[in-house]
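Biologist: I would like a close look at one part of this model. Please pick out the helix with the highest confidence and take me through its geometry, its annotations and its charged side chains.

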Amino acid sequence: WVLGFPGWVWGFLAGFGHSLAGLGVSRPGLGCAEPRAPQAEIYRADFEAERAAREQLHEQREALQEELNQLRLRLGGDGAR
């Protein structure tokens, strides 16, 4: 794993002629440029924030769906759609 990606990702990129050095990242043994730790940290933080937001939206959707189901039961069956 390099910068959160498995080794096959870097092999895939290299297979298409992408220069890992041009991306500013390194993979052990390839002699590329040093990783851009601050940029990687920004990407990681952004990814985690997006994941947390998606999880929160999913929880809200589940709560609303459960509330809708309860209201339909109170109305007697499927309710008015």
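Modeller: What follows is an account of helix α3, with the rest of the chain as background.

This is a predicted model, so confidence comes before geometry. The average pLDDT over the protein chain is 75, and 51% of the residues score at least 70. Confidence is highest in α3, with a mean of 94, and lowest in helix α2 (residues 20–23), with a mean of 54. Where pLDDT is low, the predicted coordinates should not be read in detail. That caution applies to α2, at its mean of 54, and I leave its local geometry aside.

The chain as a whole has three helices and zero strands, in the order α-α-α along the sequence. Of its 81 residues, 10% count as buried. The protein chain exposes about 6700 Å², of which carbon and sulfur atoms supply 59%. Taking contacts between residues at least 6 apart in sequence, 14% join residues at least 24 apart.

Now the helix itself. α3 runs over residues 37–75, which makes 39 residues. From its first C-alpha to its last it reaches 57 Å, close to the 57 Å expected at 1.5 Å a residue. After the helix comes G76, whose phi is positive, near 95°.

Two UniProt annotations, both from an unreviewed entry, can be set against this helix. One is "coiled-coil region", listed by UniProt for residues 47–74. In the model that span is 100% helix and 0% strand, and its end C-alpha atoms lie 41 Å apart. The other is "domain: NF-kappa-B essential modulator NEMO CC2-LZ", which UniProt places at residues 39–72. Residues 39–72 are likewise 100% helix and 0% strand, with 49 Å between the end C-alpha atoms. Both names come from the UniProt record, where annotations may be inferred rather than shown by experiment.

The charged side chains come next. Side chains of opposite charge can pair when their charged atoms come close. Counting a side-chain nitrogen of Lys or Arg within 4 Å of a carboxyl oxygen of Asp or Glu, the total is two salt bridges. In one, R44 pairs with E41, and the closest N and O atoms are 2.3 Å apart. In another, R44 meets the side chain of E48, at 2.7 Å from N to O. E41, R44 and E48 are thus linked in a network of salt bridges.

The spacing in sequence fits the helix. R44 and E41 both lie in α3, three residues apart, about one turn of the helix. E48 and R44 also both lie in α3, four residues apart, again about one turn. An α-helix has 3.6 residues a turn, so residues three or four places apart point the same way.

As for exposure, R44 counts as partly exposed because its relative accessibility is 38%. E41 is partly exposed for a like reason, at 38% relative accessibility. E48 is also partly exposed, because its relative accessible area is 40%.

Methods
Residues numbered from 1 in each chain as written. Predicted model: local features only at pLDDT ≥ 70, side-chain atom pairs only at ≥ 80, totals over all residues. Heavy atoms only, no water. Expected span 1.5 Å × (residues − 1). Buried < 20%, exposed > 50% of the residue type's maximum accessible area, 1.4 Å probe, protein only. Contact = heavy atoms within 4.5 Å. Areas by Shrake-Rupley, 256 points an atom, 1.4 Å probe, with all protein chains shown as cover. pLDDT = per-residue confidence, 0-100.
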